[in-house]
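Reader: Could you take me through this structure step by step? I am in my first year, so please explain the terms as they come up.

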Protein chains: 2
Amino acid sequence: MVKPDSNVTIIDVAREAGVSNSTVSRVVNNSELVKPETREKVLNAMMRLGYVVNQQARSLRGGRSQVVGVLVPDVGNSYIGEIIRGIDAELAANQYDLLLYTTHRRKTKESTHVATITRGLADGLLLLLPTNVQAYMESLQAQQFPHVLIDYQAVDNKWTSTIQSTNWQGAYDATQYLIELGHRRIGYVVGLREMQCSLDRLAGYRAALADYAIPFDPALVYYGDFYLPEGYDATTTLLQASPPPTAIFAANDLSALGVMEAIRSHGLSIPNDISVIGFDDIPDAAQFHPSLTTVRQPLEDMGRLAVRTLLKRLANPDLHGERVELPTELIVRNSCKSVNHK
Amino acid sequence: MVKPDSNVTIIDVAREAGVSNSTVSRVVNNSELVKPETREKVLNAMMRLGYVVNQQARSLRGGRSQVVGVLVPDVGNSYIGEIIRGIDAELAANQYDLLLYTTHRRKTKESTHVATITRGLADGLLLLLPTNVQAYMESLQAQQFPHVLIDYQAVDNKWTSTIQSTNWQGAYDATQYLIELGHRRIGYVVGLREMQCSLDRLAGYRAALADYAIPFDPALVYYGDFYLPEGYDATTTLLQASPPPTAIFAANDLSALGVMEAIRSHGLSIPNDISVIGFDDIPDAAQFHPSLTTVRQPLEDMGRLAVRTLLKRLANPDLHGERVELPTELIVRNSCKSVNHK
DNA sequence: GTAAATTTTGGCAACGTTACCAAAAAGAGT
DNA sequence: ACTCTTTTTGGTAACGTTGCCAAAATTTAC
């Protein structure tokens, strides 16, 4: 190959191969009927000149941009990282690129980003943990722009797809597990109360208590924000309840880490004095000390599935939205202990 | 605002405002001289129709796409996450978008991605921990496509910029710290040997040993891959040296975590039996148990600086590349102990 | 050998934007 | 009022691609 100099267009290739640009276009989108001999000629010319298609022009013309926009609250958080990893893998497998936007939980950012993305930049949109859906959902639906929500309460619209895990069941399982270990005073660190998943998990927790005839005590519930420091603060508060909890259920692993830190700094030991259970099963959870018993969300799978759902919509725009719930799974490690062995 | 229906073009706005599309274009790129009165009229029309610029068309025309491509080996790794966070923040502050590509350390992926990106998709390119630079560097330089390498050995070319931290010095400091705590047998878990930063850190380690007249023992050095399990395996091997190390220096925090796990599973305690020191200071490092003494790389700053350097190049294409080294800093926490107190 | 059917190819317009140049409007100077 | 500047606006041609339709080349049928 000669110098792959920047501005090699389809026209240059056409000239080099002695055919028309239409023919080159046909070869590039290798679907059409082109005489094998001609195709060979064009392919050679492309090779010689180092031709690479210009996606901008292609997508301007009305074709696909082969880009999917992904809106996430943050990066560098392993919960989100895992989902992105799944998205990325599945996207790459289908020759799509990934345009990443972070909102930092700023609502205005969400809507401006959505506007730009839908304006030709991307073929579809993946919304992870969105917080301001109403602001743009209408526009998204009006123009039938393909989109999938991840970890968001179901939107009642036939064009919107959502991917979730069984938050209620997961929280129920975790709580039940603690109860069966003999715990009766179980603290609960809620996540962001604006998020449906927080409420679902809280409901699961309450349901399990109810099923075992354990009274619900509001003093054992603390509303946090899913981040580590709030887990710490929550625990400091919860430990003042009387009687104090013998187990704490954190709405996600990150805040569970804060919980563990706080327990230690109160001179208590895990799991001997207090059991801790998390939610998510981020990769680090197994590396905590002690390793964290938690409810596993299939994060990577959720990302992959979201992409698959989106691509299905892309391939068939008439497809209605669907709502998928992936099962959670209780992962027992070393941060919980039977209360009787104390 | 009326329905922000998809296909509002500059021409629709022009018609609505009763001016020409050129004028609308001038208002959109609000730099030109437009009569304030006219500008107002256009702005109103834009508002009414819900106009959003089509980036594709704009960048096709030859302007800027306002997108920067970022090539990373992986996501969901906090080291990379932190750098991306910095990149993202700085990019957003300058109205740029972020096209993210993951290579998963697959060399072929790197070059194909670079080819697509440079072909109109993005205005500039950020390469994080690239492993196959020679494959595309020439083409990047030939077309003078603005790019910045993060955490890669200096490339001797006036058009390439690189951002790094003081790997040698950081490793020297860490080793010196251990030596001054009385350690003489210091194991070292190298990162990927293909990466210059691994070698730089190894050199810093050796230099410190030499300065204190401690013989270098190859049995105390293990070549890993920067990931957690290798840290575990490394430690298992290193502990068989005779005499075994009293401290282990891991080339990054993630493998330090593996080191800690391994030490514990051998029934030893940190830092009483063995001291552990890491490199990076990822956010989790402070949450390890015990909290990890480590060499802090200003990861987020590295990301920000890379973007700033790139944007400078974008603004002034004649600017030569520069090579910046950001200082590391020893963060003392609880994973190291003086050997005399044993 | 010619007409008809078929395959393969080329020409041209369009996607939405911006840059350039020329035209029109407004202001300044005599 | 009439030039001469200066400001402001409009027209038009690209950017690189693809889709449509028609033209040319090829094959098939009679």
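Reader: How do strands E9 and E10 of chain A pair?
Author: Strand E9 (residues 275-280) and strand E10 (residues 293-296) of chain A pair in the parallel sense over 4 bridges. Two strands count as paired if DSSP finds at least two bridges between them. Helices (H or I, at least four residues) and strands (E, at least two) are DSSP runs, numbered from the N terminus.

Reader: Before we go on, what kind of model is this, and how is it numbered?
Author: This is a predicted model, in which local features need pLDDT of at least 70, side-chain atom pairs count only at pLDDT 80 or more, and totals for chains, interfaces and linings use all residues. Residues are numbered from 1 along each chain as its sequence is written, chains are lettered from A and ligands numbered from 1 in the order in which they are written, and side-chain values use heavy atoms, with hydrogens and water left out.

Reader: Back to that pair of strands. Which residue stands opposite Phe279(A)?
Author: Phe279(A) stands opposite Val295(A), which belongs to E10(A).

Reader: Which helix packs on the sheet there?
Author: Helix H9 (residues 196-211) of chain A packs on the sheet, where it touches strand E6 (186-190), E7, strand E8 (247-250) and E9 of chain A. Contact here means heavy atoms within 4.5 Å. The direction of H9(A) makes about 170° with that of E6(A). For such angles, axes are lines fitted to C-alpha atoms, for helices over the stretch in contact, and angles run from 0 to 180 degrees between N-to-C directions.

Reader: What is the strand order of the whole sheet in chain A?
Author: The order is E7-E6-E8-E9-E10-E12 in an open sheet of 6 strands with mixed pairing. Strand E7 (221-223) and strand E12 (329-331) of chain A are at the edges with a single partner strand each, so one side of each has no neighbour in the sheet. On average, neighbouring strands of this sheet are turned by 15° against each other, direction ignored.

Reader: And what is the order in chain B?
Author: Chain B has an open sheet of 6 strands in the order E7-E6-E8-E9-E10-E12, with mixed pairing. Its edge strands are E7 (221-223) and E12 (329-331), each of which pairs on one side only.

Reader: How do E6 and E7 of chain B pair?
Author: Strand E6 (residues 186-190) of chain B and E7(B) pair in the parallel sense over 3 bridges. Within E7(B), Tyr222(B) is the bridge partner of Val189(B). Helix H8 (residues 167-180) of chain B packs on this sheet, and its direction makes about 165° with that of E9(B).

Reader: How are the two chains related?
Author: A turn of 180° with a shift of 0.0 Å along the axis lays chain B on chain A with an RMSD of 0.1 Å. That is the relation of a two-fold axis. Copies are superposed by least squares on the C-alpha atoms of residues with pLDDT of at least 70 in both.

Reader: Why can one say that the copies meet through the same surface?
Author: The reason is that 98% of the interface residues of chain B are also interface residues in chain A.

Reader: How many salt bridges does the structure hold?
Author: It holds 24 over all chains. A salt bridge is a side-chain nitrogen of Lys or Arg within 4 Å of a carboxyl oxygen of Asp or Glu. One of them joins Asp74(A) and Arg85(B), with the closest N and O atoms 3.4 Å apart. This pair crosses between chains, from the loop between strand E1 (67-72) and helix H5 (78-93) of chain A to helix H5 (residues 78-93) of chain B.

Reader: At what angle do helices H2 and H3 of chain B cross?
Author: The axes of H2 (residues 21-28) and H3 (residues 36-49) of chain B cross at roughly 85° and come within 10 Å. That makes H2(B) roughly perpendicular to H3(B), a label for angles of 65 to 115 degrees; under 35 counts as roughly parallel, over 145 as roughly antiparallel and the rest as oblique. Among the residues in contact are Val24(B) of H2(B) and Leu43(B) of H3(B).

Reader: Which peptide bond leading to Pro271(A) is cis?
Author: The bond from Ile270(A) to Pro271(A) is cis, with omega near 5°. Pro271(A) is in the loop between helix H11 (253-265) and E9 of chain A. In chain B, the peptide bond from Ser242(B) to Pro243(B) is cis, with omega near -10°.
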